[in-house]
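Subject: the model you asked about

Hi,

Here is the structure I promised to pass on. Have a look at it first, and my notes on what turned up follow below.

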Amino acid sequence: MGLRGTNQEFGRPYNRRIVLEAIRATGPITRGRIAAEVGLTVQTVSTIIRELEEQGYILSNREEPRGRGLPPTTLRINPEGGYAIGVYITPLGLDAALINLAGDVVGSVHSNAARSSPDEAFTLIGAMVTELRALRAGARMLGVGLSLPGPFGVESMSFVGPTTMVGWGNVALRERLAEVTGLPAFIESDMAAAALGERLYGRGADFADFYYLFVGVGLGGIMVHEGVGQRGAWGNAGEISHIPIVPDGELCPCGNRGCLERYVSLEAFNRRGLGEAAYADAIGPQLRAALITIENLFDPETVILGGIAPPSLTTELARVAADLPNSVSARRDRKVPRLIVSDGGPHTVLRGAAALAVAGVLSPRFGQLFAPGNTQLKGLAA
């Protein structure tokens, strides 16, 4: 990621998180290598390492000597050094999971409360979090991350369509979440949370620049540049669901015709009543057109196909997109496919939502982006 330490603008807390991120991303790693990667002195890194070890965030290991001198100590993240809870609300229900520092799912719970009101949802969330915290009673809880479908704050789009959350307009999401859980609270759209999880724990960790295409009840996406999700002026960049992809096509609830989400989404799949392979074949032209549009707009290293669609459906979508038309990404020197499938599995959004809280500790860039002071995302439209 090319993160560098500093002794000026952010000072010691920033350097501490820089070192943690280096260990998380590349451990086991030595002090000397950390210092070289983040641009700090070995002495400064050693001081930070001592503090992190004392606080239980990292573990050190030294191999048995094989000759003269002692082998260097290597450092890695302590998976049990802290936990975070991810919560995902959709019109279909609520899910929550307890995640450790390594991104492993310790436990998860589900509620079938479809299209729940804010009061109903936050009551359920409080109970879910209590149940999950009991799995690691007394352990350090970093916080709770909540993800919901977007876009946020756009009346003509947030108020309509299959991802509509009725009654959620102007809800103080972060405040309500912190109140019912007693934990630091973080809020994000489902596509951005999933992209963060992919960047920290999934196949996105191998790329500095990738586009994450999120197939959920609706459709979304986000460009991740140098490890940071590009959000736009109002936090809705990447909402490709309402790109008119078919001239005079199906009427969309937003008022336009031929929007991509009417063809590529779980709602579209369920509405058409086709088998997975037949559905993928039917919407293949729209999916391929969307992918080359993404490539021409963002020039990513690759597009990662993820979301909450069943793995079997995602596989079929990847099949029909295997032979993409020409775009700026059709380079002779490519070392990776233009499209790859996320390995995040069914917990992709939950790991991403929990990663909002984990990132507040481990990642300087994401920690700033999703910090409690970021008030861009106030609530969903009713």
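A quick word on terms before the notes: helices here are DSSP runs of H or I with at least four residues, strands are E runs of at least two, and both are numbered from the N terminus. With that in hand, Asp-248 can be placed in the loop between strand 11 (228-229) and helix 8 (266-272). Do keep in mind that this is a predicted model.

First, the overall picture. The protein chain has 12 helices and 13 strands. It runs to 382 residues, 54% of them buried. If you take the contacts between residues at least 6 apart in sequence, 65% join residues at least 24 apart. The exposed surface of the protein chain comes to about 16,500 Å², and carbon and sulfur atoms account for 51% of that.

Now the backbone oddities. Most residues other than glycine have a negative phi, and most peptide bonds are trans. Three spots are worth a look with that in mind.

- Asp-248, the residue placed above, has a positive phi of about 55° and is not a glycine. Is Asp-248 buried or exposed? Its relative accessibility is 73%, so Asp-248 counts as exposed, the cut-off for that being over 50%.
- Asp-299 also goes positive, with a phi of about 50°, and is not a glycine either. You'll find Asp-299 in the loop between helix 9 (276-298) and strand 12 (302-307). Because its relative accessibility is 47%, Asp-299 counts as partly exposed.
- The peptide bond from Gly-27 to Pro-28 is cis, its omega being near 0°. Pro-28 belongs to the loop that links helix 1 (11-26) with strand 1 (29-30).

Strand 1 brings me to the sheet. Which order do the strands take in this open sheet? There are 3 strands, in the order 1-3-2, with antiparallel pairing. Strand 1 and strand 2 (58-61) are the edge strands, each pairing on one side only. Between strand 2 and strand 3 (residues 74-77), the antiparallel pairing covers 4 bridges. For a concrete pair to click on, try Ser-60, whose bridge partner in strand 3 is Leu-75.

If you want somewhere to begin, I'd go to the cis bond from Gly-27 to Pro-28, then step along to strand 1, which follows the loop holding Pro-28, and on into the 1-3-2 sheet.

Cheers

Conventions:
Residues numbered from 1 in each chain as written. Predicted model: local features only at pLDDT ≥ 70, side-chain atom pairs only at ≥ 80, totals over all residues. Heavy atoms only, no water. Buried < 20%, exposed > 50% of the residue type's maximum accessible area, 1.4 Å probe, protein only. Contact = heavy atoms within 4.5 Å. Areas by Shrake-Rupley, 256 points an atom, 1.4 Å probe, with all protein chains shown as cover. Pairing = 2+ DSSP bridges.
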